[in-house]
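Trainee: Could we go through the terms used for a ligand site, taking each one together with the value that it rests on?

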Amino acid sequence: MSPLSGKNIVLGITGGIAAYKSVTLLRLLVKAGAEVQVIITPNGKEFITPVTLSSLSGRPVISEFFTANTGEWHSHVDLGLWADAMVIAPATASTMAKMACGVADNMLVTSYLSARAPVFVAPAMDLDMMAHPATVRNIDRLRADGVHIIEPAEGELASHLVGKGRMEEPEGIFRVLEDYFSAGQDLAGKTVLITAGPTYERIDPVRFIGNYSSGKMGYALADEAAARGARVVVVSGPVAVRPENPSVDVRHVESACEMLAECEKVFPEAYIAIMAAAVADYAPVSTAASKIKRERDEVPVIHLKKNPDIAATLGQAKRGDQVLVGFALETDHELDNAADKLRRKNLDMIVLNSLRDAGAGFGTDTNKITILRPGGIRTEYPLKSKKEVARDILDNITGKSPLV
Ligand code: C5P
């Protein structure tokens, strides 16, 4: 049985010559047992008729917000929630630009903005449009937003020019979707514990020691693990991000000691524990009960104590059936420092991001990682969105061959 059987797929079609190939893609999806709802842009209808598409999908094709004769309103929110995946093929430069900027002026882009499911985009356009810095920028933006770009191939284009811009063949797009869903539920029934964000160590009621961690990497891991069927607990320091997946259980804490206490409650049940938090190394010995006043001549001295090392503490308690993963954010001697932490904290894997790499580390939407395992096993990955990095990390943990 195809992993697409029973899956709800929104197939978006935009105004490009390659729209005729979407008929084949639709047929493949339907044959695999997927429920397909076609959304076509007004321009798309110039290239292919809704009648063909509705006959093959067994559902009326949606194009406008309202059905002209009945006034029936199509809910982009419902569709966004219904979908297990959205695939836009062909995607024109204009549709991708709208998606990148959130311009919701048609049913397709509006549904994209409401979609919680993974989104796949197969661009198709002339080679010069494809190479234009605006298109390159928009595709990069979509990638950083977690959209899967199905790269166009090189070949003869509708303009008879030869170059990059030919939409991937329907069979290729179908395979990408099948692969995605067969990766599926490999963490079903497993508990995954993740620490995320910074810790705040109180100095007095209004001040703290903290750091710039945004929590984005930890929350991306949480969403990815939840998508694979895991029960996910995030023990999170103060952050602005939220999980996309409503099933993720977020436990909010502030200090390293609170984070450790919460982790120790969950760890015995955890199959995988990923320490993505940037835990403050030191905390004030005591917290002043009232706001420390500014003195005219004296500079206050704050005495610090060492915080507990959460990863190392769990490393000591770890059983043979548990996988403990740490992060290392380094500026120099990256590999040596990371390998040293892997040993010292009794980790099974450490994910190294170097602050030297542009786009890696705190606050960014992208990351560039190297994974180290005991025995000197090392895998380097290129710069990717934090969503894709989360997938690589979980693939590596679960023993799937990493996509490098
Ligand atoms: O020693 P360093 O802080 O560089 O180690 C980083 C790794 O250890 C990260 O996985 C981080 O979440 C974890 N860590 C921890 N508790 C600490 C310090 C670091 O869990 N007090």
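What follows is a conversation about the ligand, its pocket and two backbone features.

Mentor: This is a predicted model, in which local features need pLDDT of at least 70 and side-chain atom pairs count only at pLDDT 80 or more, while totals for chains, interfaces and linings use all residues. Residues are numbered from 1 along each chain as its sequence is written, and side-chain values use heavy atoms, with hydrogens and water left out.

Trainee: How do you know that the ligand sits in the second largest pocket?

Mentor: A molecule sits in a cavity or pocket if more than half of its atoms lie within 2 Å of its grid points, and the ligand is assigned to the second largest pocket on that basis. A pocket is an open set of points on a 1 Å grid over the protein atoms alone, where a 1.4 Å probe fits, with protein on both sides within 12 Å along at least five of seven lines; lining residues have an atom within 4 Å of a point. The volume of this pocket is about 890 Å³, and among its 39 lining residues Ala277, Ala278, Val279, Phe327 and Lys345 are the closest to the centre.

Trainee: Which element gives the most to that lining?

Mentor: Strand β16 does, with 5 residues, where a strand is a DSSP run of E with at least two residues and a helix a run of H or I with at least four.

Trainee: What makes a residue part of the shell around the ligand?

Mentor: One of its heavy atoms must lie within 4 Å of the ligand, and the residues around the ligand include Met275, Pro308, Asp309 and Gly326. Both α11 and β16 supply at least two residues of this shell.

Trainee: Why is the approach of lysine 341 to the ligand called a polar contact?

Mentor: A polar contact is a pair of N or O atoms within 3.5 Å, and an N or O atom in the side chain of lysine 341 is 2.5 Å from an oxygen atom of the ligand, so the pair qualifies. A ligand oxygen atom is also 2.7 Å from a polar backbone atom of alanine 277, and a ligand nitrogen atom is 2.9 Å from one of isoleucine 310.

Trainee: What makes the peptide bond between alanine 89 and proline 90 cis?

Mentor: Its omega is about 0°, and proline 90 belongs to strand β3 (residues 85–91). Histidine 333, in the loop between β16 and α12, has a positive phi of about 45° although it is not a glycine.

Definitions and conventions:
Points joined across faces, edges and corners; volume = space filled by probe spheres on them. Polar contact = N/O pair within 3.5 Å; in protein donor to acceptor, adjacent residues only side chain to side chain.
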